Amino acid sequence: MKRTIGILGLGIFGRSIARTLAEFDYDVIAVDKSEDNVNDLEPLITKGVIGDITDRDLLETIGIGDCDAVVISTGTVLESSVLAVMHCKKLGVPKIIAKAKNAMYREVLQEIGASEVILPERESGVRLAKRLMRNKIEDMVELDDHTSIVEFSPPQKWIGKTIQELDLRNNYDINIIGMRETRHAKLNTNVSATTVVKEDIIFIGISESDIFERHDYLKEPYE
């Protein structure tokens, strides 16, 4: 099932998020006051709306309340961001990510209920979009431009099979270096080939970032 992401504000940061999500065929609902910004993205996204992100009736009408997550990507006017966060909360959006101009703005947005507040100089729009798209990936640490340590939950087709049967190194280009029996369990770095994969297991592996991420984003993990 496709996930729907709302983008409120289409400056450089918001546009980069929208383009990245659209590239991986996510449904994107975007709102901005600028007709040029909306028209620029409209061929790529599901719905582009020219309007005020502080207008709750508008947000409700266009379906922002049905989004899996919303990014409030305009961070220069605190009042606008605050109202947008409040409207999204009242509309029932489960995950609200807001951009903040500085640490003081971040504190205010956290206090009123934003799920996450980011400072744009620390995280690019593309990077945030990739985090939003993760399906099975729990966490990722980039070792260099090509290789990452990845913490991930197993796809359904792995359940009930042993590590040896899956032959992850040859079939999936993943080297398993550890696992947790459950999400919060202690890390076990001694993974046996006879370990049977269960739904609650979290694996830690090393792989090429692009290959692993692309499978995950397309919702066809490790097929």
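Helices and strands are DSSP runs, of at least four residues for a helix and at least two for a strand, numbered from the N terminus. By that count the chain holds nine helices and 10 strands. The model is a predicted one. Of its 223 residues, 46% count as buried. Among contacts in the chain with a separation of 6 or more, 58% are between residues 24 or more positions apart.

**The sheet**

Six strands make up an open sheet with parallel pairing, and their order across the sheet is S3-S2-S1-S4-S5-S6. Its edges are strand S3 (47-50) and strand S6 (116-118), each of which pairs on one side only. On average, and with direction ignored, neighbouring strands of this sheet are turned by 15° against each other.

Two of the pairings can be described in more detail. Strand S1 (residues 4-8) pairs with strand S2 (residues 27-32) in the parallel sense, over five bridges. In this pairing Leu 8 stands opposite Val 31 of S2. S4 and S5 also pair in the parallel sense, over three bridges. Here Val 70 stands opposite Ile 96 of S5.

Is S5 covered on one face or on both? Both faces of S5 are covered: Ile 96 and Ala 98 on one side are buried, and so are Ile 97 and Lys 99 on the other. This split can be read against a general pattern. In a regular strand the side chains alternate between the two faces of the sheet.

**Ile 7 in strand S1**

Ile 7 lies in strand S1. Its relative accessible area is 0%, so Ile 7 is buried, the cut-off being under 20%. Leaving aside neighbours within four places in sequence, Ile 7 is in contact with Gly 14, Ile 17, Ala 18 and Leu 21, with Val 28, Ile 29, Ala 30 and Val 31, and with Val 71 and Ser 73. Ile 7 and Ile 64 are 57 residues apart in sequence, and their C-alpha atoms are 9.1 Å apart in space.

**Helix packing**

Helix H4 packs on the sheet, where it touches S1, strand S4 (69-72) and strand S5 (96-99). The direction of H4 makes about 175° with that of S5.

H4 also packs against helix H5, and a second helix pair is formed by H1 and H6; the table gives the geometry of both pairs.

| Helix pair | Residues | Angle | Axis separation |
|---|---|---|---|
| H4 and H5 | 78-90 and 103-111 | about 20° | 10 Å |
| H1 and H6 | 12-23 and 125-133 | about 40° | 8 Å |

For the pair of H4 and H5, the angle of about 20° makes H4 roughly parallel to H5, because angles under 35 degrees count as roughly parallel. The crossing of H4 and H5 is right-handed. H4 contributes Leu 78, Ser 81, Val 82 and Val 85 to the contact, and H5 contributes Tyr 105, Val 108 and Leu 109. By class, the residues of this contact are six nonpolar, one polar and no charged.

For the pair of H1 and H6, the angle of about 40° makes H1 oblique to H6. The crossing of H1 and H6 is right-handed. On the H1 side the contact is made by Phe 13, Ser 16, Ile 17, Thr 20 and Leu 21, and on the H6 side by Gly 125, Val 126, Leu 128, Ala 129 and Met 133. These residues of H1 and H6 divide into seven nonpolar, three polar and no charged. Of the H1 residues named here, Ile 17 and Leu 21 are also in contact with Ile 7.

**Two residues with positive phi**

Most residues other than glycine have a negative phi. Which residues depart from this pattern? Asp 25 does, with a positive phi of about 65° although it is not a glycine. Asp 25 lies in the loop between H1 and S2. Its relative accessible area is 48%, so Asp 25 is partly exposed.

Asp 167 is also not a glycine and has a positive phi of about 50°. Asp 167 is found in the loop between helix H7 (163-166) and helix H8 (168-172). With 31% relative accessibility, Asp 167 counts as partly exposed.

Definitions and conventions:
Residues numbered from 1 in each chain as written. Predicted model: local features only at pLDDT ≥ 70, side-chain atom pairs only at ≥ 80, totals over all residues. Heavy atoms only, no water. Axes fitted to C-alpha atoms, helices over the stretch in contact; angles between N-to-C directions. Parallel < 35°, antiparallel > 145°, perpendicular 65-115°, else oblique. Left-handed = near helix turned anticlockwise from the far one by under 90°. Contact = heavy atoms within 4.5 Å. Nonpolar A, V, L, I, M, F, W, Y, C, P; charged D, E, K, R; others polar. Pairing = 2+ DSSP bridges. Buried < 20%, exposed > 50% of the residue type's maximum accessible area, 1.4 Å probe, protein only.
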